[in-house]
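Please look through the structure below slowly, chain by chain, before reading on. The paragraphs that follow begin with the place where two chains meet and then turn to one chain alone.

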Amino acid sequence: MGLASKLEGIVESEVTPYIVLSVFSAVMVSPIILIFFNSFKTLHEALSWPPTIIPSQPTLEAYVKVINSPVLLTLRNSLIIASGTTFLVLALGLPTAYGISKYSFKGSKFAMLFFLASRIIPPLSLLIPFYIMMTWLKLTNTFQCLIILDTYLAFPLMVWILKAFFDDFERDLIDAALVDGCSRLGAFLRVAIPLSAVGIAAVGIITFLWTWNEFVYAMIFTATEDIAPVTIGIFHFVGDEVIEWNSLSAVGIFTSLPAIIFFIFAQKYIIEGMTKGAIKL
Amino acid sequence: MKDSTFGFLLTIPGLVFLTIVVAFPLGLLFSLSFLRYDFIHPITFHGLRNYVEVLNNRVFWLSLRNTIIYSGGTTTLTLLIGLLLAVSAARIKRFSALFRTLLILPWAVPLVVSGLVWRWMLDPGVGVYNYILTQVGFSREPINIFGEPTLAMIGCILSDSWTRIPFMFIVILAGIKSIPPDLYEAARVDGANRIATFRNITLPLVKKSMLTGTLITSMFSFRTIDNIWSMTRGGPAKATYVIGLNLIDYLIRYQNLGFGAAIGVIMLGLISIFATLIVYYILKE
């Protein structure tokens, strides 16, 4: 008896996993809840010690400030960059993944290896070459520049995930379409794509969120507020003298909101997509 | 047209794109690392001199050491907590969707925002977590976490782990879910307790998922600077100055692109060796 049996009792108990999960869920969610509350404080309250958790006089001061600042423009930019990237990733990724999955050719194994190797290269290693290329092409500080670079970041993994989805896709459905007189391209566009909508949506959402969160390339390649995404815009409230924590929290809520909404409503598909990509490594 | 030709045609746009944004810049990276390219002197061939200079640079070794502590710390913490959460989540019957949603929410927060949020929570002037530490008797005065080298590193590791635990949790949970339940039932009939089944069934069978999660987590935290940038920018006294910050400094501060490229190649080499080892190990399993 003693410690060992006590430990065993704790591990065996049916209540233990609930306690563990409750405690960790609280810790994991607390930063999000804290900035949510913080965004409704006045600047004065946000800067006072001891810190409060729930605002004593809730106000929309911080949100008004964000809406009247250039940060609003950077939110729009993020939307443009993330949508453009998602479109480009799907436009390039769907045919690539489908071709490799359903019509394997000499070298298709090698092509997949090329995609895997691209994922291992640290994006920071390519920063200086990209800097030179974008300067040559006179593309620095443009949406095109960030869309191309963000597509580079997401594309290799998304091809892997899409291929995993197409691998699960019934060959018979394609053959049936071909027998009905569909061309191979027609079968791809009118049968395979619509019937893989869930997987495609998952890939689209993951790409959108990744791009939305991207920071380093944006920091190097954007110079003005009409191009920079919100991950740069948020630093508007980090001043030399004082950090406006209430407004910064409001921007934090804005930036995390799309992902939180996606996670709550499309969680199953995002998880399926991510695990497919990770496990079929 | 043969089927294989059709397949090849479909992949051409993707492969061309990848060649432009991966193969070409990669070639450029290697070429640059052998050049003197510093916006002062004319661009000339520099042989291995950039590499020699990098390897003799004290700050480079410091940044490498910091990177290993940082990504090693994050990966260890993420793996331990991710495993604990996955094992717990696999056991419960009620509220599992709720807990899963709550636990993956941090993933929704951009890394650079996560850095700012943790900087705020740990701040000695306004931070809630710092205030809690003074209230539970941990210290009398608020602790200046970002003024003290070791604590600053711990702060960065905490913030990085916070955003990486969800992914590890999901990958390990998927691994546990794929274990046939009969195995556990058989073991329990034989009188094995939970600790024994964890050690003899769960652990060996989720090893592959754990390795995959470890590979991805460590690779990503090795190469990202987002949250460090928003927390400490490498300070205090270069205590959280990681290799990625070192590379960026050679672009935006010192404008020595040849030198920066050499660091880029070394970073790529280190990650490739590490990834090859783990992938080899995963495939062997």
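How many residues does the contact take from chain A and from chain B? Taking two residues to be in contact if their C-beta atoms, placed from the backbone, lie within 7 Å, the contact takes 76 residues from chain A and 72 residues from chain B. On the side of chain A that touches chain B, the largest share, 15 residues, comes from α14(A). By class, that side has 57 nonpolar, 15 polar and 4 charged residues, where Ala, Val, Leu, Ile, Met, Phe, Trp, Tyr, Cys and Pro count as nonpolar, Asp, Glu, Lys and Arg as charged, and the others, Gly among them, as polar.

This is a predicted model, in which local features need pLDDT of at least 70 and side-chain atom pairs count only at pLDDT 80 or more, while totals for chains, interfaces and linings use all residues. Residues are numbered from 1 along each chain as its sequence is written, and chains are lettered from A and ligands numbered from 1 in the order in which they are written.

Chain B has 12 helices and 2 strands, which are DSSP runs numbered from the N terminus (helices H or I, at least four residues; strands E, at least two). Its elements begin with a helix, continue with the two strands, and go on with helices to the end. Among the contacts in chain B with a separation of 6 or more, 72% are accounted for by residues 24 or more positions apart.

Within chain B, Thr67(B) and Tyr70(B) are among the residues of α3(B) that meet residues of α9(B), including Phe198(B) and Thr202(B). The residues of this contact divide into 7 nonpolar, 12 polar and no charged.
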